[in-house]
Amino acid sequence: MVTQATSFSRNGVADWIVQRVTAYILAAYTVVLVGYILVSGDMNYPVWRGLFNQTWMQVFTLLALLSTCAHAWIGMWTIGTDYIREHYFGSGADAIRLLYQVGCVLVIAIYLIWGVKILWGN
Amino acid sequence: MNKDHRPINVDPADLARFKWPIPALTSISHRIAGVVLFVGIAFGLYALDMSLSSEAGFERLSAMMASPLGMLVTFGLLAALSYHFVAGIKHLLLDLEIADSLEGGQFAAKATILFSAILIFLSAIWVTQG
């Protein structure tokens with residue numbers, strides 16, 4: 001029986017492109033944030049808070065957060081469909097994988113909501 | 001249907017018998033580092049939340065990160081990030097058809113190890129120098 005395990009966009013090429021675009025965004029965010037911390041020297045609260053009070057940093061951080069969610073889902077989905085298969089897990093593999101995927105989606109949703117709250121809720 | 005005798009499924013017990021060329025090792029490490037980061041995001045968000053909450057929260061986080069356990073967690077996450085970053089750059093270069101030959105792949109795998117080792121070493125310095 002063929003079971004359709006849905007990917008991020010139900011389209012492998014789109015998944016591939018999303019994984020690349022989000023990788024570029026996350027790489028850029030990492031370089032900017034790490035660079036800022038290193039250039040600042042002794043980091044303190046006013047400087048740190050000031051950075052995240054700026055609109056460009058809030059937009060960039062939300063973009064990185066959204067990218068993380070998509071990037072992580074595609075990665076975790078790939079790992080799940082690679083390893084959680086009947087050959088390794090027996091006849092319950094589909095159920096276990098579904099549970100795993102629901103767990104991943106829940107964690108990703110929590111990360112997203114928590115991140116938005118950190119950016120604008122504090 | 002299968003014209004050759006390559007296995008369709010791999011038993012975990014067979015893994016030890018396999019040859020593990022460097023590109024295979026760097027590839028599985030990329031995957032493992034990704035899973036570590038997926039879990040690590042929780043620590044990152046926890047730290048960001050605390051650091052931005054107030055001056056006192058910022059100081060509390062600084063103290064936590066200066067403790068042995070805090071240093072270990074920070075270093076572990078920075079190491080995973082360093083590796084996943086470098087291995088990811090290699091993937092983006094592959095997209096541009098750079099280092100996508102057999103020799104190129106072996107060279108790129110060694111370069112991945114070298115550059116990530118440098119970043120991981122620098123992470124250790126940053127974490128411990130306070």
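A crossing of two helices is left-handed if the near helix is turned anticlockwise from the far one by less than a right angle, and right-handed if clockwise. I start there because that definition applies to both helix pairs I will go through. What you have in front of you is a predicted model.

First, the interface as a whole. On the chain A side 19 residues are in contact with 20 residues of chain B. Four elements of chain A give two or more residues to that side: helix 1 (12–40), helix 2 (45–53), helix 3 (55–83) and helix 5 (93–121). Helix 3 of chain A supplies the largest share, 5 residues. Sorted by class, the chain A side has 11 nonpolar, 6 polar and 2 charged residues.

Now the first pair, helix 1 of chain A and helix 3 of chain B. The two pass each other in a left-handed crossing. Their axes come within 11 Å and cross at roughly 135 degrees, which makes helix 1 of chain A oblique to helix 3 of chain B. From helix 1 of chain A, the residues involved are R20(A), A23(A), A27(A) and T30(A). They meet L81(B), F85(B), G88(B), I89(B), L92(B) and D95(B) in helix 3 of chain B. That contact has 6 nonpolar, 2 polar and 2 charged residues.

A word on the chain B partner. Helix 3 of chain B covers residues 68–95, 28 residues in total. From first C-alpha to last it reaches 40 Å, close to the 40 Å expected at 1.5 Å a residue. After this helix comes E97(B), with a positive phi near 65 degrees.

The second pair is helix 3 of chain A with helix 1 of chain B. This crossing is left-handed too. The axes come within 11 Å and cross at roughly 130 degrees, so helix 3 of chain A is oblique to helix 1 of chain B. On the chain A helix the contact residues are T68(A), A72(A), G75(A), M76(A) and I79(A). Opposite them on helix 1 of chain B are R31(B), G34(B), V35(B), F38(B) and I41(B). By class this contact divides into 6 nonpolar, 3 polar and 1 charged.

Back to helix 3 of chain A itself. It has 29 residues, which should span 42 Å at 1.5 Å a residue, and its end C-alpha atoms are 42 Å apart, so the two agree. Among its buried residues are T68(A), A72(A), G75(A) and M76(A), each of which also takes part in the contact just described. What covers the buried residues of this helix? Helix 1 and helix 5 of chain A are included, together with helix 1 (22–53) of chain B.

Key:
Residues numbered from 1 in each chain as written. Chains lettered and ligands numbered in written order. Predicted model: local features only at pLDDT ≥ 70, side-chain atom pairs only at ≥ 80, totals over all residues. Contact = placed C-beta atoms within 7 Å. Nonpolar A, V, L, I, M, F, W, Y, C, P; charged D, E, K, R; others polar. Expected span 1.5 Å × (residues − 1). Axes fitted to C-alpha atoms, helices over the stretch in contact; angles between N-to-C directions. Parallel < 35°, antiparallel > 145°, perpendicular 65-115°, else oblique. Buried ≥ 20, exposed ≤ 12 C-beta atoms within 10 Å, placed from the backbone.
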